[in-house]
Amino acid sequence: MKKNILITGASGQLGQFFIEKLAENNNVISTDINVSRELVKKYDLKFLDALNETKVRKFIDKYHVDEIYNFASILSAKAEKYPLKSFQLNTNCFLNIVKASISSSVKKIFWPSSIAVFSKESNLGYVKQDVIKNPITIYGASKLSCEKVINYFNINGLLDIRSIRFPGIVSSSTPGGGTTDFIVEMINNIKSKKKYICPLSPNTILPMMHVNDAVDASVKLMSVPRKNIKINDSYNISSFETTPNEWKNLICEMGYNLEVDFQPDFRQKIADSWPRKIDDKQIRKDLNWKPKFNKIKTLKSVIENYNLT
């Protein structure tokens, strides 16, 4: 039986990929505050401001929503420019969806967290599932705040909320203001034939994953019985690690000309507070999941999607 699934923030970095995956077997109601004519035509995108709890509840009631995937947020680098606005939007969108879902038809909520919740106290060389977290960014603070709420609702059986701490997500979508955007922006610059100014130092190691792996893991997490889930806040997840210099060299090894000038900016401080490697054994065990894309397959896939082959 098809489920009615509401997606908020559907026009962002992740939303469109989730629409396509979930629409294969469900009725998807995709929404955002950014409603372009193109996306309305392609996904029947509807206007919904997740900061308006009353409107969210009306959507839930109107479409008899079974599950919600909430992607309404301001990403890490952009959030640092508007800290109070970003914290308010990231936390209140989440809280409004939670409040609107209580005593409704909604059975489950998926909410993406981030490796931004970690800090130097987390042992950044290899970050385990449950460690000290003291994020230095407003984005990380907003994500960690919501993780605490998720834990509270889950341990008290008030609402079934499931979550994953995403690393850098690699796709062919337009970068949305994240610290790991260099990985897509480099490929963009192959097309434009412009020198790329990288905001991170060449040897900054960060965990990444292909967007398809991120979608598959999330949908699988939402499909398993609650008893299978051993984590009450957010699961760690990752697929591979890379640096800006390694990524640039991999692109060049595939025969493309890419000139990169490394000029670290404020994003370097953010990246330095994030993990180098993630311990994600728990989600792999609980979901019987493993990534399909390593760094080479990821790069080839994104280049193909950009029609550069």
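How many salt bridges does the structure hold? The count comes to 18 salt bridges, and since the model is a predicted one, this total, like every value that follows, is computed from predicted positions. Side chains of opposite charge can pair when their charged atoms come close. With that idea in mind, a few of these pairs can serve as a path through the chain.

Consider Glu67 and Lys108, whose side chains meet in a salt bridge with a distance of 3.9 Å from N to O. This pair links distant parts of the chain, since Glu67 belongs to strand β4, which covers residues 67–70, while Lys108 belongs to strand β5, which covers residues 108–114, and the two residues are 41 residues apart. Although both carry charged side chains that meet in a salt bridge, Glu67 and Lys108 are both buried.

A second pair brings a helix and a strand into the picture, for Glu147 forms a salt bridge with Arg165, and their closest N and O atoms are 2.8 Å apart. Glu147 lies in helix α6 and Arg165 in strand β6, residues 160–166, so this salt bridge ties together parts of the chain that are 18 residues apart in sequence. Glu147 and Arg165 are, once again, both buried.

The third pair joins two loops: the side chains of Lys195 and Glu259 meet in a salt bridge at 3.7 Å, N to O. Because Lys195 lies in the loop between α7 and β8 and Glu259 in the loop between α9 and β12, the pair ties together parts that are 64 residues apart in sequence. Is Lys195 buried or exposed? Neither word fits, because Lys195 has a relative accessibility of 44% and therefore counts as partly exposed, a class that runs between the limits of 20% and 50%. Salt bridges can also share partners, and in this way Lys3, Glu67 and Lys108 are joined into one network.

From the charged pairs we can turn to the helices. Helix α5, residues 83–101, packs with helix α6, residues 138–155, at an angle of about 20 degrees, and their axes are 9 Å apart. An angle of this kind makes α5 roughly parallel to α6, because angles under 35 degrees are counted in that way, and the crossing of the two helices is right-handed. Another pair, α9 and helix α12, residues 295–305, packs at an angle of about 60 degrees with axes 11 Å apart, and α9 and α12 are therefore oblique to each other. The crossing in which α9 passes α12 is right-handed.

Helix α7 offers a view of burial along a single element, since its buried residues are Phe182, Ile183, Val184, Met186, Ile187, Asn189 and Ile190. Just after α7, Lys193 takes a positive phi of about 60 degrees.

What does the surface show? One nonpolar surface patch, of about 330 Å², is made by Ile33, Val35, Val40 and Phe47. Within this group, Val35 has its place in the loop between β2 and α2, and with a relative accessible area of 35% Val35 is partly exposed. Ile136, which lies in the loop between β5 and α6, is also partly exposed, having a relative accessible area of 47%. The C-alpha atoms of Ile136 and Leu159 are separated by 29 Å, and these two residues are 23 residues apart along the chain.

Definitions and conventions: Residues are numbered from 1 along each chain as its sequence is written. This is a predicted model: local features need pLDDT of at least 70, side-chain atom pairs count only at pLDDT 80 or more; totals for chains, interfaces and linings use all residues. Side-chain values use heavy atoms; hydrogens and water are left out. Patches are made of residues with over 30% relative accessible area and no salt bridge: like charges are joined within 9 Å, nonpolar side chains (Val, Leu, Ile, Met, Phe, Trp, Tyr) within 5 Å. Accessible areas come from the Shrake-Rupley method with a 1.4 Å probe; for residues, only the protein chains shown count as cover. A salt bridge is a side-chain nitrogen of Lys or Arg within 4 Å of a carboxyl oxygen of Asp or Glu. Helices (H or I, at least four residues) and strands (E, at least two) are DSSP runs, numbered from the N terminus. Buried means under 20% relative accessible area, exposed over 50%, partly exposed in between (1.4 Å probe, protein chains only). Axes are lines fitted to C-alpha atoms, for helices over the stretch in contact, and angles run from 0 to 180 degrees between N-to-C directions. Angles under 35 degrees count as roughly parallel, over 145 as roughly antiparallel, 65 to 115 as roughly perpendicular and the rest as oblique. A crossing is left-handed if the near helix is turned anticlockwise from the far one by less than a right angle, and right-handed if clockwise.
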